[in-house]
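Student: I would like to go through this structure and ask, for each label, what it rests on.
Tutor: Then have it in front of you while we talk.

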Amino acid sequence: MRLIIREDPKAVAYYTANYVRQRINEFKPTRNRPFVLGLPTGSTPVEVYWHLVDFYKRGEVSFRNVITFSMDEYVGLPRSHPESYCSFMHRHLYDHINLRPENIHMLDGNAEDLAAECQRYEEKIKEVGGIELFLGGIGPDGHIAFNEPGSSLESVTRVKTLAYETVLANARFFGGDVNKVPKLALTVGVGTVRAAREVLLIITGAHKAVALAKCIEEGVNHMWTVSVIQLHPSAMVVCDEDATLELHVKTVRYFKSIEQVQEQLIGRQNISLKGSISKLVGYDPDQAYRPIADPSANEKSALDTDSSDVSHQDESDQGSITDSADDDQYSVDQSEDDGESDNVQEMDRNTLSATELTASGSSEANGTRTNGSLVPAAVTGNPF
Ligand SMILES: N[C@@H]1[C@@H](O)[C@H](O)[C@@H](COP(=O)(O)O)O[C@@H]1O
């Protein structure tokens with residue numbers, strides 16, 4: 001598992017959105033081979049969606065061959081209600097990008113047969129080949145989607161009773177009135193999330209610090225359902241400094257040091273987007289076995305250049321917009337041809353900043369300590 005720690009929620013949102021952009025572009029989705037993306041609701045991902053819309057408007061990513069699945073939905077709340085997750089997803093993302101309507105999948109909390117609706121959802125996910133990347137947030141009690149404490153770690157999409165803590169937490173979206181918060185929801189299961197080929201969790205704020213600590217430092221436990229990501233072969237948590245408040249100092253330093261080693265010593269060019277290492281280019285062992293001078297300096301300069309205020313970004317970092325559009329104003333290539341990928345110019349990875357590309361591993365078996373810094377031992381294979 002990778003833990004990426006950024007200064008604040010803004011930096012977390014930018015890192016995450018940029019990661020999603022790069023994953024989609026690297027995947028080169030086509031109509032026959034779409035990129036299947038699982039998406040969360042909640043306040044945490046709002047800024048991620050804002051950036052994704054912005055990237056789309058700049059022509060840096062296309063969603064034409066992306067299929068989405070939302071994580072959850074309240075039961076009994078009209079779809080048109082402003083706080084339904086259907087409204088939320090349209091308001092923050094779907095209404096502003098070039099997703100094909102038929103590629104948008106959401107649970108229907110008003111279905112006559114809720115169990116059948118959940119089964120239909122699972123089947124649909126399988127039918128499109130499974131989820132490539134599942135983005136998720138968590139609740140303060142460590143729930144993922146609406147998988148409250150005690151949920152089976154093998155669970156699939158189903159009806160769930162909300163924990164009182166979740167009802168209280170979500171009352172802020174219903175004028176602070178707990179009575180107005182639906183008490184039931186449809187949610188993908190813990191097993192549904194685990195089945196995704198990659199999971200990326202966004203965790204920000206001191207109120208989620210205990211949950212993050214349970215997720216990272218303790219065992220896999222159904223009382224903290226998010227902890228199941230320890231079992232996932234390709235999982236990443238992107239969090240802010242506040243969310244690390246309950247972690248041991250050495251845990252925080254460890255994960256930061258892994259990122260520093262990869263960034264400064266192994267070299268970004270050798271690390272794939274998902275964090276694996278298969279070959280080494282320009283790797284100088286003499287350089288690699290030097291102590292890291294100032295682990296925080298690189299981070300600070302990266303954040304300086306990585307401002308989430310996208311209006312200040314270097315125009316040269318933009319992908320090109322090509323070909324004609326058939327139904328939207330942004331002229332991203334929306335070829336209908338089977339086998340044809342979206343014509344979004346690939347970003348030059350070497351021009352991207354550290355916050356966009358760095359990856360970290362979690363196994364200390366990958367390194368040894370010299371002068372207090374972790375340096376790589378065997379530089380082959382997947383670091384996590
Ligand atoms: N069902 C959603 C979760 O999927 C989400 O992760 C959580 C956190 O929301 P926020 O990001 O607002 O803290 O809220 C709800 O409970």
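**Labels and what they rest on**

Tutor: Start with a pair of residues: Leu135 stands opposite Leu200 in β9. The model is predicted, so local features need pLDDT of at least 70 and side-chain atom pairs count only at pLDDT 80 or more, while totals for chains, interfaces and linings use all residues. Residues are numbered from 1 along each chain as its sequence is written.

Student: What makes β6 and β9 a pair of strands?
Tutor: Two strands pair if DSSP finds at least two bridges between them. Three bridges join β6 to β9, so the requirement of at least two is met. The two strands run parallel.

Student: How do you know what counts as a strand or a helix?
Tutor: Both are DSSP runs, numbered from the N terminus: helices are H or I with at least four residues, strands are E with at least two. By that rule the protein has eleven helices and twelve strands.

Student: Which strands does β10 pair with, β1 among them?
Tutor: Strand β10 (residues 235-240) is joined to β1 by five bridges, and five bridges also join β9 to β10. Both pairings are parallel. On the β1 side, Leu3 stands opposite Val237 and Arg2 has Met236 as its bridge partner. On the β9 side, Ile202 stands opposite Val238.

Student: Where do these strands sit in the sheet?
Tutor: The open sheet has seven strands in the order β1-β10-β9-β6-β2-β3-β5, with parallel pairing. Its edge strands are β1 and β5 (104-105), each of which pairs on one side only.

Student: What makes β4 and β7 edge strands?
Tutor: They belong to an open sheet of three strands, ordered β4-β8-β7, with antiparallel pairing. Each of β4 (72-74) and β7 (158-161) has a single partner strand, so one side of each is left without a neighbour in the sheet. The twist averages 30° from one strand to the next. Four bridges join β7 to β8 (residues 184-187), and Arg158 stands opposite Thr187 in β8. Helix α4 (residues 114-127) lies across β7 and β8 and runs at about 120° to β7.

Student: Why is Leu133 called buried?
Tutor: A residue is buried if 20 or more other C-beta atoms lie within 10 Å of its own, exposed if 12 or fewer, and partly exposed in between, with C-beta atoms placed from the backbone. Leu133 has 22 other C-beta atoms within 10 Å, so it is buried. Leu133 lies in strand β6 (residues 133-136).

Student: What is Leu133 in contact with, leaving aside its neighbours within four places in sequence?
Tutor: The contacts of Leu133 are Val20, Arg23, Leu37, Ala196, Glu198 and Leu200. Two residues are in contact if their C-beta atoms, placed from the backbone, lie within 7 Å. Across the protein, residues 24 or more positions apart account for 78% of the contacts with a separation of 6 or more.

Student: Why is β9 described as largely enclosed by the rest of the structure?
Tutor: Five of the five residues of β9 (residues 199-203) are buried, so the description applies. Val199, Leu201 and Ile203 point one way and Leu200 and Ile202 the other way. In a regular strand the side chains alternate between the two faces of the sheet.

Student: How many residues of β1 are buried?
Tutor: Five of the five residues of β1 (residues 2-6) are buried. Arg2, Ile4 and Arg6 point one way from β1, and Leu3 and Ile5 the other way. For the whole protein, buried residues make up 45% of the 384 residues.

Student: Why are α1 and α2 called oblique to each other?
Tutor: The axes of α1 (residues 9-27) and α2 (residues 46-57) come within 8 Å and cross at roughly 45°. Axes are lines fitted to C-alpha atoms, for helices over the stretch in contact, and angles run from 0 to 180 degrees between N-to-C directions. Angles under 35 degrees count as roughly parallel, over 145 as roughly antiparallel, 65 to 115 as roughly perpendicular and the rest as oblique. The two helices are therefore oblique to each other. Residues making the contact include Ala13 and Ala17 of α1 and His51 and Phe55 of α2.
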